[in-house]
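The following note sets out several points on aromatic and charged side chains, for consideration alongside the coordinates. The points are numbered for ease of reply.

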Amino acid sequence: MKLIITFIMGLFCATLVFSQEVVKDSSKVEDTKYREDQFYFAITYNLLANKPANVKQTGFSSGFQFGFIRDFPLNEQRNFGLGLGLGASINAYNNNIFVYTDDVGNIEYVNLSESDIDYSKNKLSTYLLEMPFEVRWRTSTASEYKFWRIYTGFKVGYLLASSTKFKGEAGKIKNSNIKDLNDFQYGLTLSAGYNTWNFHVYYSLNPMFSQDAKIGTDAIEMTAVKFGLIFYLL
């Protein structure tokens with residue numbers, strides 16, 4: 001009988017200790033100073049807007065973005081704040097603008113749809129270092145990791161490198177670091193969704209090319225529009 005009573009008392013004490021530990025752990029989860037610092041990566045479909053006459057995209061043009069955003073809550077509930085980040089993007093644009101170097105080393109542009117040149121591939125690629133700035137609203141709490149979000153803002157990109165690849169009857173032609181591309185490319189962003197899955201759109205506010213890039217006498221004032229999915233990881 002004494003053995004049974006001793007066992008029950010020991011079990012009761014162990015239960016109290018375990019309960020105290022659980023309460024202590026849960027207090028750690030309820031962090032009133034939590035931040036939504038996040039790694040992100042996005043997959044986009046890239047469109048070209050404001051194209052010159054007879055310029056079109058050919059095939060699927062994709063993009064990939066990744067980086068980290070630091071969160072700065074602005075209210076007591078911490079469901080509204082700002083975000084500042086650093087990341088990079090890789091972008092491809094399949095189109096019919098042929099880029100080549102003439103006999104004296106100048107970059108020239110030809111609309112393949114208006115020429116007799118047959119081709120199977122013609123792509124422009126850009127590689128950007130990016131800094132996103134966001135105004136952020138979400139339904140998150142210190143213990144809830146699945147929530148609705150709307151992040152809108154502005155992104156500045158610096159062109160690290162660029163290239164073009166052509167494959168056709170003229171052979172394989174490659175160019176790198178196209179000088180007519182603008183070094184700084186910036187635009188508006190919007191990301192919205194629930195939990196991991198979020199819709200993302202980027203709308204460029206300045207042309208990809210400088211005024212020096214022309215097809216004949218027409219300036220190439222194309223801008224980029226990207227839309228797809230963005231994923232956030234805490």
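1. One aromatic cluster is formed by Phe 98, Tyr 100, Tyr 119 and Phe 166. The model is a predicted one, and the points below should be read accordingly.

2. The structure contains 14 aromatic pairs in total. One of them joins Phe 41 and Phe 231, whose ring centres are 5.0 Å apart with 25 degrees between the planes. The pair counts as stacked because the angle falls under 30 degrees. Phe 41 belongs to strand β1 (residues 38-49) and Phe 231 to strand β13 (residues 223-233), so that the pair links distant parts of the chain, 190 residues apart.

3. The two partners of this stacked pair fall into separate accessibility classes. Phe 41 has a relative accessibility of 29% and therefore counts as partly exposed. Phe 231, with a relative accessible area of 11%, is buried.

4. Phe 98 and Phe 166, both members of the cluster in point 1, also form an aromatic pair, with 4.6 Å from centre to centre and 45 degrees between the planes. Which class does this angle give, stacked or tilted? The pair is tilted, because 45 degrees is neither under 30 nor over 60. Phe 98 lies in strand β4 (residues 97-101) and Phe 166 in strand β7 (residues 148-168); the pair links distant parts of the chain, 68 residues apart.

5. As to accessibility, Phe 98 is buried at a relative accessible area of 7%. Phe 166 likewise counts as buried, because its relative accessibility is 4%.

6. Two charged side chains are placed over tyrosine rings. The charged end of Arg 136 sits over the ring of Tyr 151, at 4.0 Å from the ring centre. Lys 226 lies over the face of Tyr 202, with a distance of 5.0 Å to the ring centre.

7. Arg 138 merits a separate entry. This residue is located in strand β6 (residues 119-138). Is Arg 138 buried or exposed? Its relative accessibility is 0%, and it therefore counts as buried. The side chain of Arg 138 makes a polar contact of 2.9 Å with the side chain of Asp 71.

8. The surroundings of Arg 138 can be listed further. Leaving aside residues up to four places away in sequence, Arg 138 touches aromatic residues including Phe 80, Phe 147, Trp 148 and Tyr 151. Tyr 151 is also the residue whose ring lies under the charged end of Arg 136. Among the other residues that Arg 138 touches are Glu 36, Asp 71, Arg 78 and Arg 149.

Key. Residues are numbered from 1 along each chain as its sequence is written. This is a predicted model: local features need pLDDT of at least 70, side-chain atom pairs count only at pLDDT 80 or more; totals for chains, interfaces and linings use all residues. Side-chain values use heavy atoms; hydrogens and water are left out. Rings of Phe, Tyr and Trp (its six-membered ring) pair if their centres lie within 6.5 Å; planes under 30 degrees apart count as stacked, over 60 as edge-to-face and the rest as tilted. Helices (H or I, at least four residues) and strands (E, at least two) are DSSP runs, numbered from the N terminus. Buried means under 20% relative accessible area, exposed over 50%, partly exposed in between (1.4 Å probe, protein chains only). A charge sits over a ring if NZ of Lys or CZ of Arg is within 6 Å of the ring centre and within 35 degrees of the ring normal. A polar contact is a pair of N or O atoms within 3.5 Å; within protein, one must be able to donate a hydrogen and the other to accept it, and residues adjacent in sequence count only if both atoms are side-chain atoms. Contact means heavy atoms within 4.5 Å.
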